[in-house]
Amino acid sequence: WYQRRVRDNLRFYVMEKPVKRTGHIAIIGCGVIGISTAFYLGQLGHDNVSIYEKCGVACHSSGKAGGFLARKWCDETDLKDLARTSYELHMTLMKEFPDLDYRGVDTYQVNTSNEQQKNPSDNPIKWISHDHVTGVKKLDSLQDTAKVSPRMLCNKLLSVAKSRGTELHIDKIVGVRKSEGRVNQLITSNGNTVSVDVVVLAAGPWSTNFVKTHFPEFPLPEPCPQTRAHSVVLRPAVPLGSECIFQYHNTAAGGCNDPEIYPVPDGTAYVCGEIDYTELPEDPLDITPNPDKCKDLIKQVGFAAKSLLSAEVVATQACYLPGSRDDIPIIGKIPFTENAYIATGHTFWGILNGPATGKCLAELILNGKSESCDISKFNPDRFL
């Protein structure tokens with residue numbers, strides 16, 4: 001145990017062998033993690049980068065996420081340094097790309113009940129209804145919590161990465177050829193053979209199965225169980241305010257639901273919070289939501305904001321959370337393979353931690369070590 005702990009503490013400072021500056025880096029997955037990696041590789045001057053994606057840009061969780069960002073909410077977890085570093089990177093991106101819809105938000109907890117309240121709690125949020133509110137507490141301010149459109153963010157970072165040399169291929173990777181502990185070639189579903197110097201696996205919840213199939217020497221355990229998260233996009237007749245709401249609704253049966261409400265500048269509201277556990281489909285386009293979960297979400301948030309009960313339903317959707325067996329991200333070199341890396345397992349915090357994960361990976365690949373943040377605790381070899 002002591003030797004392993006010493007090794008883990010030193011890894012941040014030990015140099016890995018960096019890739020040659022002209023080498024071809026192939027990224028598998030075009031969500032926020034893969035795109036951020038390409039973006040920061042380009043920022044560090046590497047222009048020989050390809051992204052391979054089966055169905056499209058941000059076609060899974062990165063395109064269905066709410067985009068809530070928090071500077072300090074991971075402080076009591078292993079994610080503290082990664083989250084704080086990534087929040088600052090988001091703030092830098094906000095200044096660099098003012099056309100993105102970044103905005104600081106005040107964040108509140110709103111407690112509600114099925115029972116109509118005779119003496120409703122004081123409520124500083126104008127668009128929250130009073131009738132079923134039992135309590136309101138401010139959780140954070142616009143200095144430390146923010147909101148961004150994940151799809152807009154992904155498209156912008158990809159656009160910049162492409163201007164620096166990154167190429168996007170809508171093509172699934174179906175084969176990996178290795179020799180002497182190195183990946184030499186990738187095989188695509190279109191029958192193409194791609195020579196590579198480095199491979200980055202950023203395929204979200206499909207990463208574990210990809211490792212099992214193509215890197216079987218590394219016994220990466222599957223997340224247990226596979227979590228499907230539901231969300232609904234609503235358009236109320238009158239737009240809501242800007243505050244993000246974390247609702248705690250006490251049910252008649254004595255339970256508690258915890259939906260979240262994120263107003264969006266385009267007049268819609270993003271609502272999430274219902275999960276279930278089902279088998280992960282092979283194709284992201286085959287993912288469908290449970291209609292009852294989506295109806296439950298709308299009903300629950302109606303106790304906080306009546307206008308959402310009659311709002312137009314713009315979208316009902318679901319995605320699978322990229323998890324890990326120990327519930328913390330997996331970031332680093334894939335064991336037993338010299339030139340393959342993995343980044344997955346960010347669960348609910350993928351958009352928040354995407355930029356820092358991508359930048360740390362880019363530094364690790366090009367410079368031999370992560371310089372922006374200590375990612376040693378996320379090293380995949382903890383599963384050996």
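Student: How many salt bridges are there, and what makes a pair count as one?

Tutor: The count comes to 15, where a salt bridge is a side-chain nitrogen of Lys or Arg within 4 Å of a carboxyl oxygen of Asp or Glu. This is a predicted model, in which local features need pLDDT of at least 70 and side-chain atom pairs count only at pLDDT 80 or more, whereas totals for chains, interfaces and linings use all residues. Residues are numbered from 1 along each chain as its sequence is written, and side-chain values use heavy atoms, with hydrogens and water left out.

Student: Why is the pair Asp-144 and Arg-71 called a salt bridge?

Tutor: The closest N and O atoms of Asp-144 and Arg-71 are 2.4 Å apart, and because the limit is 4 Å, the pair qualifies. Asp-144 sits in the loop between strand E6 (133-140) and strand E7, and Arg-71 in the loop between strand E3 and helix H4, 73 residues apart; helices (H or I, at least four residues) and strands (E, at least two) are DSSP runs, numbered from the N terminus.

Student: How do you know whether Asp-144 and Arg-71 are buried or exposed?

Tutor: Buried means under 20% relative accessible area, exposed over 50%, and partly exposed in between, with a 1.4 Å probe and protein chains only. Asp-144 has 14%, so it is buried, and Arg-71, with 17%, is buried as well.

Student: What are the values for the salt bridge of Lys-172 and Glu-282?

Tutor: The closest N and O atoms of Lys-172 and Glu-282 are 2.9 Å apart. Lys-172 lies in the loop between E8 and E9 and Glu-282 in the loop between E17 and H7, so this salt bridge ties together parts that are 110 residues apart in sequence. Lys-172, at 26%, counts as partly exposed, while Glu-282, at 58%, counts as exposed.

Student: Why does Asp-171 have no salt bridge?

Tutor: The nearest side chain of opposite charge, Lys-172, is 9.6 Å away from Asp-171, and because a salt bridge needs atoms within 4 Å, that pair does not qualify. For charge, Lys and Arg count as positive and Asp and Glu as negative, while His and the chain ends are not counted. Asp-171 is buried, and its side chain makes a polar contact with the side chain of Thr-188 at 2.8 Å. A polar contact is a pair of N or O atoms within 3.5 Å; within protein, one must be able to donate a hydrogen and the other to accept it, and residues adjacent in sequence count only if both atoms are side-chain atoms.

Student: How do you know that the length of helix H4 agrees with what is expected?

Tutor: The expected span is 1.5 Å times one less than the number of residues, so the 17 residues of H4 should span 24 Å, and its end C-alpha atoms are 24 Å apart, which agrees. The 12 residues of H7 should span 16 Å, and its end C-alpha atoms are 17 Å apart, which agrees too.

Student: What makes a set of residues a nonpolar core, and which elements supply the largest one?

Tutor: A nonpolar core is a set of buried Ala, Val, Leu, Ile, Met, Phe, Trp, Tyr and Cys residues joined through side-chain atoms within 4.5 Å. The largest has 52 residues, and among those that touch the most other members are Leu-82 and Leu-93. Elements that each supply at least two residues include H2, H4 and H5, while H8 gives the most, with nine residues. A second, separate core of 27 residues includes Phe-215 and Phe-383.
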